[in-house]
Amino acid sequence: MPKPTAEDQEFFQRIIGSAGYGNHLSKHFSIYEIDEVPKEDERGWRKVDGFRMSFIGKVTEDMSNLSENMHGAMYSWIVDTMTSATIIAIHTPTFWGLPDFAGVTLTMELQCLNAAPLNTELLIEVEIIKCSVKLANLRCDIKNLKSGKVYATGTHLKMWKGPQPEKENKSIQAKL
């Protein structure tokens with residue numbers, strides 16, 4: 001996979017840094033590698049099945065539990081945030097863009113397999129398994145950057161409503 005550009009990194013930080021919940025954690029993560037974004041078709045959609053991005057980060061105290069391992073809620077935050085960032089990377093105005101940028105979560109499944117100790121360098125690998133104009137199924141693996149040991153794996157099913165047509169303001173009159 002190609003390395004991200006400075007523009008990719010800036011956009012990533014701007015998006016996850018403004019996401020609300022957990023935005024203070026964004027400074028601990030960056031894009032590691034990113035596939036080339038597929039071209040848009042005539043509708044402004046993209047064929048993105050198999051598109052991949054990876055991220056790196058480090059387990060810090062504010063991500064840890066009393067045992068000095070990454071907290072389970074942090075694994076969930078990573079799956080949610082990094083899969084959403086991957087969807088945002090492929091958006092267009094008519095495909096996974098505004099008004100509900102990156103869609104909404106329908107289901108998210110997480111399996112925590114091993115504890116990630118404080119100061120562990122992480123590699124987060126995300127793949128878009130299947131993506132249509134309304135649904136996206138993504139996979140996320142959280143690993144040790146150096147050894148490849150898997151700490152957690154998750155899937156994320158997201159839905160995108162897309163631009164909503166303006167409703168006509170016609171009053172309905174009953175005829176007697």
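This is a short tour of one chain, stop by stop, for use with the structure open in your viewer. Please keep in mind that the model is predicted.

**The whole chain**

Start with everything shown as a cartoon. You should find two helices and six strands, and reading from the N terminus they come in the order α-β-β-α-β-β-β-β. If you align the view with the principal axes, the C-alpha atoms fill a box of roughly 75 × 35 × 25 Å.

Now switch on a surface. The accessible area of the chain comes to about 10300 Å², and carbon and sulfur atoms supply 53% of that. The chain has 176 residues, of which 39% count as buried. Colouring by charge gives you 20 positive and 22 negative charges, and the mean positions of the two sets are 5 Å apart.

If you like contact maps, draw one before moving on. Taking contacts between residues at least 6 apart in sequence, 69% join residues at least 24 apart.

**Stop 1: Asp35, between β1 and β2**

Select Asp35, in the loop that runs between β1 (29–34) and β2 (52–58). Is this acidic residue buried or exposed? Asp35 counts as buried, because its relative accessibility is 17%, and the cut-off for buried is under 20%.

Next, add Arg52 to the selection and show backbone atoms. The side chain of Asp35 reaches the backbone nitrogen of Arg52 at 2.9 Å. Expand the view to the contacts of Asp35 beyond four places in sequence, and you will pick up Met1 and Pro2 as well as Gly50, Phe51 and Arg52.

**Stop 2: the loop between α2 and β3**

Move along to the loop between α2 (72–89) and β3, where Pro99 has its place. Three backbone features are worth a look here. As background, most residues other than glycine have a negative phi, and most peptide bonds are trans.

- Select Leu98 and Pro99: the peptide bond that joins them is cis, with omega near 15°.
- Select Trp96, in this loop between α2 and β3: its phi is positive, near 65°, and the residue is not glycine. Trp96 counts as buried, at 0% relative accessibility.
- Select Ala102, which also lies between α2 and β3: here phi is near 70°, again positive in a residue other than glycine. With 3% relative accessibility, Ala102 is buried too.

**Stop 3: His156, in β6**

Now jump to strand β6, residues 150–159, and select His156. Its relative accessibility is 0%, so His156 counts as buried. Which side chain makes a polar contact with the side chain of His156? Add Thr105 and you have the partner, at 2.7 Å.

Then show what surrounds His156. Leaving out residues up to four places away in sequence, His156 touches Val79, Asp80, Thr83 and Ser84, then Thr105, Thr107 and Met108, and also Ala136, Asn137 and Leu138.

**Stop 4: Ala116, between β3 and β4**

Select Ala116, in the loop linking β3 (104–112) and β4 (121–131). This alanine is buried, with a relative accessible area of 0%. Its contacts beyond four places in sequence are Val59, Asn69, Met70, Tyr75, Leu122 and Tyr151.

For a sense of reach, add Lys130 and draw a C-alpha to C-alpha distance from Ala116. The two are 14 residues apart in sequence, and the distance in space is 29 Å.

**Stop 5: the cysteines**

Finish by selecting cysteine sulfurs. How many disulfides does the structure hold? The count is zero. A disulfide is a covalent bond between the sulfur atoms of two cysteines, and to be counted the two sulfurs must lie within 2.5 Å.

Begin with Cys112 and Cys140. The sulfur of Cys140 is the closest cysteine sulfur to that of Cys112, yet they are 11 Å apart, which is too far for a bond. Cys131 is in no disulfide either, as its nearest cysteine sulfur, again that of Cys140, is 16 Å away.

Before you close the session, compare the surroundings of these cysteines. Cys112 counts as partly exposed, at 45% relative accessibility, whereas Cys131 counts as buried, at 11%.

Methods
Residues numbered from 1 in each chain as written. Predicted model: local features only at pLDDT ≥ 70, side-chain atom pairs only at ≥ 80, totals over all residues. Heavy atoms only, no water. Buried < 20%, exposed > 50% of the residue type's maximum accessible area, 1.4 Å probe, protein only. Helix = DSSP H or I, 4+ residues; strand = E, 2+ residues; numbered from the N terminus. Polar contact = N/O pair within 3.5 Å; in protein donor to acceptor, adjacent residues only side chain to side chain. Contact = heavy atoms within 4.5 Å. Areas by Shrake-Rupley, 256 points an atom, 1.4 Å probe, with all protein chains shown as cover. Lys, Arg positive; Asp, Glu negative; His and termini not counted. Charge placed at Lys NZ, Arg CZ, Asp CG, Glu CD.
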